[in-house]
Structure formats: C-alpha cells, structure tokens
Amino acid sequence: MFRILILSLFCCCALKLSWAQPVPTASLATVDSFSLLQIDRLFEHLEENWSSLSAEKQESLLQEAALYLERGLLSPQSHAQKYSWIQQYKRIRDRAMFKQQALAQLSDSLRQYSLADLQANLPANTACLEYFWGNFMVYVFYVDQETAQFLRLGLASDQLEEELAQFRQQLSAPKQLELGEPELVGPFVQQSSALYERLLAPLSSLLPSNKKLLIIPDGPLLQLPFEVLLNRPAGKKRFGDLPYLIKDKAIFYHYSSSLFLEQQKDRPKKGGQMLAIAGSYTEGQGRKLESLPKTRLEIGRLARQFEGRFLLDSLASEANFKANIKRYAVIHLAMHGIQDKAEPLRSGLAFSNLPQKEEDNLLMANEIMNLPISADLVVLSACETAVGRFQEGNATASLARAFMYAGTPAALVSLWQVNDESTAILMEDYYRQIAAGADKSSALQRAKLKYLSANKNSIAAHPIFWAAFVQIGIDQPLYLAEKTMGNALLFLASIFAGGIGLILILSVIFRWRRDADAEGVYRK
C-alpha cells in the first residue's frame, strides 16, 4: 500500500509538469528511468502468476499496475511502446473482471498485437480511436494506415465522469420527455457540444472527412454513443435538425483492438438465413416482465422479408435457441435483458418469464461465453413497451461482450432500454441496408438518418428513441437472403391467365400463415 501511495505522488508531480507542457520534458527522464524499467517486469509477473495470487493480492497489484502504466504514458516513450503497455494492462484487467478461470483463459488466448499490426489491418477507409481512462488522465490513440498519434485529453476527474453520467441520463430517462422539446433541446446541446470538445475536438485535424470511425472506449466512455455528439454549433434547433456526428460519419465500436484484429481472420460464409426470436411473457406469472407486443410485429416484418426461422410464443425458448445457433448467419433476439449489477456474468436474456423443463429460459452471460455460436451477426433488440416504462439499467451491452468472446464477430446492441415501436422501425431499415450490400456501420447510420428525417418535426427525434443502438465488432458486409415470394406469385399468376390459379395460391399461403401464427413460427 505504501508503494502505491509513493507511485501516486510521483504521478501527481508528473501530471503538473505534463499539464503545463504538452511535450514531456527531459526533467521527467530520471523518474521515468526507474518506473519504466518496472512496468514490463510487473506485467510479466502478473501474467505468469495471476492464477496463484490471492484475490486481495490481485487487486493490490492491479492498482499498482495502473499507476505504473500511467507513469509510462506520461513519459517520452514511443507510441508503439505505450500502445503495447495499454494492451497488456487491459489483458490483465480482463482477467480480474472475469474472475472465472475458464473465462480468463479465453481472454488470454488472444494473441498480443502491436501498433504496427493494427495499422496494417485497418481498412483504408477507417480510423481507430482507442481511449484509455486512467486514474489521473484520459488518453486516446488515433490510428489509421498512415498515422499514429497519442494524445492526453485532460484530467480523468470526478467532474468529467459526472458530466457523462448526466448526459447519459438525458439520453436514456424517458420521464424527461414530459417536459417537452423546447425545454430539453438547450441542455442537450450544451452538454453534447461540451463532450465533443473534450473527447473529439482535439483530434479534429486528424479526422479525414472520408473515413468512418472505429471507437474503442474505456471506463465511463463505454456507455457513451459518440454519434450523438454535436460537431458544429447548433443554435436553437429541434432535435431532428441538430448537427450530430452521425450525419457526417459512420461509427462502429469494439471492446479491444486485439479482439478486433483476431476477428479479421477469414470466416466461413453462412447461407444468409436468419434465426429471429421474440420473447414471450405471461403477466402475473413467474418473473415480473411486461409483455412486448411490438416485438411480434418486429419478427413478423423480418419473416416476410428474409429467409430463415422465426419463433414466437411457446417456441420462443432458450432450448430452441441453443438447438439452432449453429445453423444461421444472423441471430436476432427481441426480448428483455435482465441486469445483475453485482455479478455481470449473471446478466441474461429472458426468452420467457416462465421456466421450461429443460431450461430456465434465462440465458446468462456465463452460458453464452461457452456456446458454439457461429453466426456472423447477433442483434440484441431488447426493448420496452412504451415511454415511461423502461427497465432500470442495461444488460445487453455486457451480454454483447459475452457473444464476442463466444466467437461472434459482430453484434448490434442497445446501451439503454428502447421504445419497442422505434426499435421495430430501425431494425427493418437496418436489415434492408444489410441485404442491399452495405457494411454494418453504414447500414445503421442510414437507418438512423432515415428515422431522424421521418421524425424531424416531432419529439420522436429525441436521441432516446434512436441513439441507443451501437454496432460492435467487425464491419464487413454480410450476405442476408431475402425472400422472393412476391416474384414467384407474379410468375405463377401470369401462367393462370384466368386468375383462378392466383386465388388458389393466395388461399394456400393464407392457410399456411394462419397455421404458422397459431403455432408461433414462421418458416422458409
């Protein structure tokens, strides 16, 4: 503990020097010569002996590692060395977070990549911003194929963390909508613009207009959808007219640049089919979960447009999900996310509020991490029934990480519980863009902009309705098979000139759909 206190004092002294001078001075070198030699040794010791350390010792050494790391980040060392240190520290921090040995080993299995590896494997049209929230300051790496820069963005103060918490409250608390748009726009513009100035404006000279952004957030920034930050003066406008960053850039996210690079490996292409499931809840029984009637419409729209299997009612079960996860390119789950703040790995997706004989219908994060999932995309469309009745907290973001470690290369998730009507609209447009060949971040950007345009003169343009969904993982396009029933009907209709054939066909289809609705399943 005494050693940690001494390190903290060293860091504070260095911060005063580095805050006054943007480039580290030679006067730091004597202090650095000692602490920098210790960083690699400490990380090496933790990597080799972590599993044999007591929980108390792990926590103490992790704190010490964070302080050593920050001394290194304030030193004149190269960008490549600082990037390597951050990746090593995050790797150790993941082990501490997972706690369970099997999950820690899953994190350890990732190869350790260098800054040069990241530059070599970034798409030409993409710039990466990897943030690190230290004990004292907030840092960011800007990386593209030609450039790598490391910047200090200012103090990691309680004030900044509080500003982020207040902004998230503006984005996610539905009760505020009762105040009306005129009362809400001013505070939103002020806070959004201020956060842009802190987190992105220092990078503005590095951000080419033709590049999309891969953002790897850290700490409190994990809950921030960067696309709602305002990158130009806004004035007094309506929510639909504000200069959101998403109007200029497609954005996608990841938890780790190492995991992002690991996922760049070639994957087998699936058949383009979708497995979509809407949670089914019986009020007054089992877990207290409200019904989500709009999710049936959401799944129904997808069933009419795409090939695959679409499950409702009693067939929307955890057992059926597990039985089908190897067969489909896209998995779409429209259901409640349940958060366990004390034990994040026990957060889960509720297929139903009633258990079944073979499964409890609550798919937890620690289960997901061990599933043989081979889908190219998982969409967690967890939502609520109406404005004013949102669940507290958010489970789906942590569940997305579980899907990532299970082998899913991409996920679309919500950072807060979303109105299920706006969700259905966004999902339909998102998939339509995917099927047309758009990459995932562009598909989400276009769906959001279309929603904003359609609702620009309404309170429905408030970010609470559209900004929660973020794209995580690799961004490449994927094949999604669309149904061609309409073309087949036209062809058959032309054969039966008298029209009787068309009537018979429609009658058969009607009966098929009616039977499918009755049993809760649409099929190819």
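Start by selecting residues 137-143, strand β2, together with residues 148-155, strand β3: the two strands pair in the antiparallel sense, with 7 bridges between them. Keep in mind as you look around that this is a predicted model. Now zoom in on the end of β2 and pick V143, which stands opposite A148 in β3. Follow the backbone from β2 into β3 and you will trace a hairpin whose connection is 4 residues long.

Next, zoom out to the whole protein chain. Colour it by secondary structure and you will have 17 helices and 17 strands to explore. The chain has 524 residues, and 56% of them are buried. How are the contacts spread along the sequence? Taking contacts between residues at least 6 apart in sequence, 75% join residues at least 24 apart.

Now for a pair of helices. Select residues 158-172 for helix α7 and residues 181-199 for helix α8; their axes come within 10 Å and cross at roughly 140°. Angles over 145 degrees would count as roughly antiparallel, so α7 and α8 are oblique to each other. The crossing of α7 past α8 is left-handed.

Show the side chains where these two helices meet. On the α7 side, display Q159, L160, E163, L164, Q166, F167, Q170 and L171; their partners in α8 are L184, P187, F188, Q191, S192, L195 and R198. Colour this contact of α7 with α8 by residue type and you get 8 nonpolar, 5 polar and 2 charged residues.

Move on to a second helix pair further along the chain. Select residues 420-435, helix α14, and residues 440-454, helix α15. What angle do α14 and α15 pack at? The angle is about 135°, and the axes lie 8 Å apart. This pair is therefore oblique as well: α14 and α15 fall in that class, just as α7 and α8 do. The handedness to look for here is right-handed, as α14 passes α15.

Finish with the side chains of this second contact. From α14, show S422, I425, L426, D429, Y430, R432, Q433 and I434; from α15, show K440, A443, L444, R446, A447, K448, K450 and Y451, which they meet. Which residue types does the contact of α14 with α15 divide into? There are 8 nonpolar, 2 polar and 6 charged residues. Among those you have on screen are D429 and R432 in α14, and K440 and R446 in α15.

Methods. Residues numbered from 1 in each chain as written. Predicted model: local features only at pLDDT ≥ 70, side-chain atom pairs only at ≥ 80, totals over all residues. Heavy atoms only, no water. Pairing = 2+ DSSP bridges. Axes fitted to C-alpha atoms, helices over the stretch in contact; angles between N-to-C directions. Parallel < 35°, antiparallel > 145°, perpendicular 65-115°, else oblique. Left-handed = near helix turned anticlockwise from the far one by under 90°. Contact = heavy atoms within 4.5 Å. Nonpolar A, V, L, I, M, F, W, Y, C, P; charged D, E, K, R; others polar. Buried < 20%, exposed > 50% of the residue type's maximum accessible area, 1.4 Å probe, protein only.
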